[in-house]
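Me: Could you walk me through this structure step by step? I am new to this, so please show how you reach each answer.

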Amino acid sequence: MTSSPAVSPDQQRSLLGTLTVIPWCSEPTADDPGDPLLMVYSLGDGRDGPEAGEEAMRAQLERLGMSIGERLTDLGKDSGVPVTLLVEAQQAVLTLPFMKVQCPVPPEWEKAAHMKGQVYLIFAVRPWPEAVPGKEVPAEKLRAFVTGEGLLEGSAHCLAPVLRVRT
């Protein structure tokens, strides 16, 4: 997996710092293509440091109406949360009021997203400075971060319907 920047370096003066996304897919089976996941996280390089970045991320998510660790928001049913996800041509385009990112996704991720019709989004409040944009993130490092103490409980979770380009 390779992460992609969501906020350009000149915006590092913000409290959030560099926002990044990384896609991965759960293990497929003969009957199931796996679940496509996409995680948004900060590098913790905001102007006031990682702690201020955590608070800024929490505040942004709460402004959107997302809870931290309490419940899974289904964006297909809760249309009041302004998040969209377009998946086409091995690219995922995630749009929120405070960020927009286009990231490359593997063919199996795109296939799973289209078959499932939704993607599981994780908005990590905790920064991950080691997973810099454009560098490969080994599966074991991703797994260690995601399953690390308190990460999932301290994140916002939602199911985002997959949009496609109409021809």
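Here are some questions and answers about the chain and its aromatic rings.

Me: How many helices and strands are in the chain?
Reply: Happy to start there, and please keep in mind that this is a predicted model. Read along the sequence, the pattern runs β-β-β-α-β-β-β-β-α-β-α-β. Counting by type, the chain has 3 helices and 9 strands.

Me: How compact is the chain for 167 residues?
Reply: For that length, the globule rule gives a radius of gyration of 15 Å. The chain's own value is close to that, so the chain is as compact as a globular protein of that length, with a radius of gyration of 15 Å.

Me: What percentage of the residues count as buried?
Reply: A residue is called buried when its relative accessible area is under 20%. Among the 167 residues of the chain, the share that counts as buried is 45%.

Me: How many aromatic pairs does the structure hold, and is the pair of Tyr41 and Trp128 stacked or tilted?
Reply: The structure holds 2 aromatic pairs. For Tyr41 and Trp128, the ring centres are 5.2 Å apart and the planes meet at 55°. Planes under 30 degrees apart would be stacked and over 60 edge-to-face, so this pair is tilted.

Me: How many residues apart are Tyr41 and Trp128 along the chain?
Reply: Tyr41 sits in strand 3, which covers residues 36-42. Trp128 lies in the loop between strand 8 (118-124) and helix 3 (139-146). The pair therefore links distant parts of the chain, 87 residues apart.

Me: Is the pair of Trp128 and Phe145 stacked or tilted?
Reply: The centres of these two rings are 4.2 Å apart, and their planes are at 5°. That angle falls under the 30 degrees cut-off, so the pair of Trp128 and Phe145 is stacked.

Me: Where in the chain is Phe145?
Reply: Its partner Trp128 is in the loop between strand 8 and helix 3. The two are 17 residues apart, and Phe145 itself is in helix 3.

Me: Is Phe145 buried or exposed?
Reply: Buried means under 20% relative accessible area. Phe145 has 9%, and its partner Trp128, with 6%, is buried as well. By that cut-off, Phe145 is buried.

Me: Which residues form one aromatic cluster?
Reply: Trp128 pairs with Tyr41, and Trp128 also pairs with Phe145. Joined in this way, the members of the cluster are Tyr41, Trp128 and Phe145.

Key
Residues are numbered from 1 along each chain as its sequence is written. This is a predicted model: local features need pLDDT of at least 70, side-chain atom pairs count only at pLDDT 80 or more; totals for chains, interfaces and linings use all residues. Side-chain values use heavy atoms; hydrogens and water are left out. Rings of Phe, Tyr and Trp (its six-membered ring) pair if their centres lie within 6.5 Å; planes under 30 degrees apart count as stacked, over 60 as edge-to-face and the rest as tilted. Helices (H or I, at least four residues) and strands (E, at least two) are DSSP runs, numbered from the N terminus. Buried means under 20% relative accessible area, exposed over 50%, partly exposed in between (1.4 Å probe, protein chains only). The radius of gyration is taken over C-alpha atoms; the globule rule is 2.2 Å times the number of residues to the power 0.38.
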